[in-house]
Amino acid sequence: MKNKFATDKIKINIDYNLKKSSKILSQKEHEDILKKFKKNGVVIFSNISSKIQNLSKFVDLFSQAYSHDAQRRKIRFNNRNIRNVDVGYNKILLHSETSFSPSRPEIIWFYCVKPPKTNSGKTILCDGVDLWNSLSTHTKTFFLGDPVCYSLKIPINNKIKGKGKRPWFLNNPGVKNCYLNLDDKSIEFKYVKFAVEEANYINKLCFSNHLFVPLSSEPQIMSRKMYNGKIIPKKIEDEIHEKANKLTKRITWVKNDLVMIDNIRFMHGRENINKNEKERDIITMQTSKSKFRSEPNNKFS
Ligand SMILES: [Fe+2]
């Protein structure tokens, strides 16, 4: 895989490991992966497995629970934890997955079933720690002082019976004005969240959010503004785009490669896919809660 994450690249073939010792990973390999993930926020695995069943067992080693928020994505390989990435050919701007809601996953996994034939559709990644460090004091001050307010409408199971709208409760900091809308089978609420926050395993702030993706691409977001009502000045937006562009790294997909991304720290997206491209097949898994985040001694200095 050609990219600029060479130092994070791990060569482990779990099909081979399972054949040899019936263990997916040795303790040393497991520890090594966690160490790299916590320090760098992204780990790339070269040719990890050609078997989806084994891949799923591997991701299970790090996952306590999975997120099924993006119902629009088709289930793959008869496994509800494995989904297609977003369909279409359009580029997708940098974002932290579902960071506009309390159900933001901790880890995003992308696996290459088939690489593209054309040189297009590269996955893009930007480290929110580096991005925050690169911003001017003026821009930092703007986002440190005020949170963003997302107005959301999240679909619920449409088998739930009843009519009308009633007050509802979600046990998450930042949730306001929450209602269960039985007429259109949704939960409506406002979610107040800072665009900058502390990264999980390092004592640093990261700017990883859902501020710059067009609202048309995310049907759950009704509106998005600063909580104090201020509009983000164009100068600030331009600065963020310019600096994020400089820091963005690209992943050239190779068959059976896997990428593990800290979704609190990193933003991801995708470049345009060539219209003639018929081969590209990338699948995703979303770990809502990892098995290791709450372990003691999780901080790197
Ligand atoms: Fe995404």
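**Overall architecture, domain contact and the five-stranded sheet**

Of the 301 residues in the chain, 32% are buried. The structure is a predicted model, and its secondary structure comprises six helices and 19 strands. The radius of gyration of the chain is 20 Å, close to the 19 Å that the globule rule gives for 301 residues, so the chain is as compact as a globular protein of that length. Along the principal axes, the C-alpha atoms occupy a box of roughly 55 × 50 × 50 Å. Contacts within the chain frequently bridge long stretches of sequence: of those between residues at least 6 apart, 80% join residues at least 24 apart.

The domain assignment divides the chain into two parts, each built from two segments: domain 1 covers 7-129 + 242-290, and domain 2 covers 135-199 + 211-231. A distance of 26 Å separates the C-alpha centres of domain 1 and domain 2. The contact between them draws on 11 residues from domain 1 and 13 residues from domain 2. On the side of domain 1 that touches domain 2, strand 6 (residues 92-95) gives the most, with three residues. By residue class, this side of domain 1 consists of six nonpolar, three polar and two charged residues.

An open sheet is formed by five strands in the order 10-11-12-9-15, with antiparallel pairing. Strand 10 (165-167) and strand 15 (221-226) are the edge strands, each pairing on one side only. From one strand to the next, the twist averages 20°.

Within this sheet, strand 12 (residues 186-193) runs antiparallel to strand 9 (residues 148-155), to which it is joined by eight bridges. In this pairing, Pro155 lies opposite Ser186 of strand 12. Strand 12 is also joined to strand 11 (residues 175-181), again in antiparallel fashion, by five bridges. Here Ser186 of strand 12 is the bridge partner of Asn181. Ser186 thus faces Pro155 and is also paired with Asn181. Further along strand 12, Lys190 stands opposite Lys176. Strand 11 and strand 12 together constitute a hairpin in which four residues lie between the two strands. In the turn of this hairpin, Lys185 adopts a positive phi of about 50°.

Note on methods. Residues numbered from 1 in each chain as written. Predicted model: local features only at pLDDT ≥ 70, side-chain atom pairs only at ≥ 80, totals over all residues. Pairing = 2+ DSSP bridges. Rg over C-alpha atoms; globule rule 2.2 N^0.38 Å. Buried ≥ 20, exposed ≤ 12 C-beta atoms within 10 Å, placed from the backbone. Contact = placed C-beta atoms within 7 Å. Domains from an automatic or database assignment. Nonpolar A, V, L, I, M, F, W, Y, C, P; charged D, E, K, R; others polar. Axes fitted to C-alpha atoms, helices over the stretch in contact; angles between N-to-C directions.
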